[in-house]
Amino acid sequence: MNANIKTALALTLFTLVAGVAPAATIQGTAACDDDCDGVVVFLEGVPAAAAGDDATAELDQVDRTFVPKVLAIAAGTTVRIKNSDPFLHNVHIFRDKKTVFNFALPFKGQTLDQTFTEPGVYQVRCDAHPEMSATIVVLDTPYFAVPEADGSFTIDAVPAGSYTLVTLDVERGKRVEKPLTVEDGAVAASF
Ligand SMILES: [Cu+2]
């Protein structure tokens, strides 16, 4: 056995013993000043970053308001859409101004599960209450965050590598990109 093969075997064993690849937590502040409504932060370029088929999220209708107002999910996630009001809502979902889904939830406590497989920005409306609106952002990565009101965000368990950190303001149609190299351990990313 030559030295190269020995080294390769040793590395393979080390990886197996270590179990998981090194991972980092990205903590940062998105530059959305005092209005972070509609902002989503995500990492582009992470290999093999598929969402599990069992990923779930919820979009509620409470007091004639969609909660949350911006829902970010990875493609493949099933969203449970719920009516928590004692009267009829419907859920009318558009993409590029074309209807994708449209269904009624007439009763309190009623739910409907919808899986989103295609990445993109989806507008959500209730035709019964024109003031109701929300946005579902379907991403081709599970490495994303919706910043807090002050812009702070955390993305966990990111494998080491060089990526693009994207700040997408879906309400204003603004996109800011920043190269980001992630090493094992915490990484700060403010911009
Ligand atoms: Cu409604």
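**Exercise 1. Work out what share of the contacts between residues at least 6 apart in sequence join residues at least 24 apart.**

Start with what counts: two residues are in contact if their C-beta atoms, placed from the backbone, lie within 7 Å. Then take the contacts in the protein between residues at least 6 apart in sequence; 64% of them join residues at least 24 apart.

A quick note on the ground rules: residues are numbered from 1 along each chain as its sequence is written. This is a predicted model, where local features need pLDDT of at least 70, side-chain atom pairs count only at pLDDT 80 or more, and totals for chains, interfaces and linings use all residues.

**Exercise 2. Find where confidence is lowest and where it is highest.**

Step one is the overall picture: mean pLDDT (the predictor's confidence in each residue, from 0 to 100) is 85, with 83% of residues at 70 or more. Step two, go through the helices and strands, which are DSSP runs numbered from the N terminus (helices H or I, at least four residues; strands E, at least two). Helix α1 (residues 3-18) comes out lowest at a mean of 44, while strand β4 (residues 65-67) tops the list at 97. Step three, look at residues 5-19: their pLDDT is below 50, and beyond near neighbours in sequence this stretch has one contact in the model. Where pLDDT is low, the predicted coordinates should not be read in detail.

**Exercise 3. Lay out the strand order of the two open sheets, one of five strands and one of four.**

Strands pair if DSSP finds at least two bridges between them. The five-stranded sheet runs β5-β11-β10-β7-β8, with mixed pairing. Its edges are β5 (70-74) and β8 (98-105), each pairing on one side only. Inside it, β7 (residues 89-95) and β10 (residues 120-125) are antiparallel over three bridges, and Phe94 sits opposite Gln123 in β10.

Now the four-stranded one: β4-β3-β6-β9, again mixed, with β4 and β9 (111-116) at the edges. Here β3 (residues 56-62) and β6 (residues 77-83) pair in parallel over six bridges, with Leu59 opposite Ile81 in β6.

**Exercise 4. Pick out the residues that touch the most other members of the largest nonpolar core.**

A nonpolar core is a set of buried Ala, Val, Leu, Ile, Met, Phe, Trp, Tyr and Cys residues joined through C-beta atoms within 7 Å. Buried means 20 or more other C-beta atoms within 10 Å of a residue's own. The largest core has 39 residues, and Ile73 and Ile136 touch the most other members. Finally, list Ile73's contacts beyond four places in sequence: Ala57, Val79, Phe116, Ile136 and Val138.

How values were computed: A residue is buried if 20 or more other C-beta atoms lie within 10 Å of its own, exposed if 12 or fewer, and partly exposed in between; C-beta atoms are placed from the backbone.
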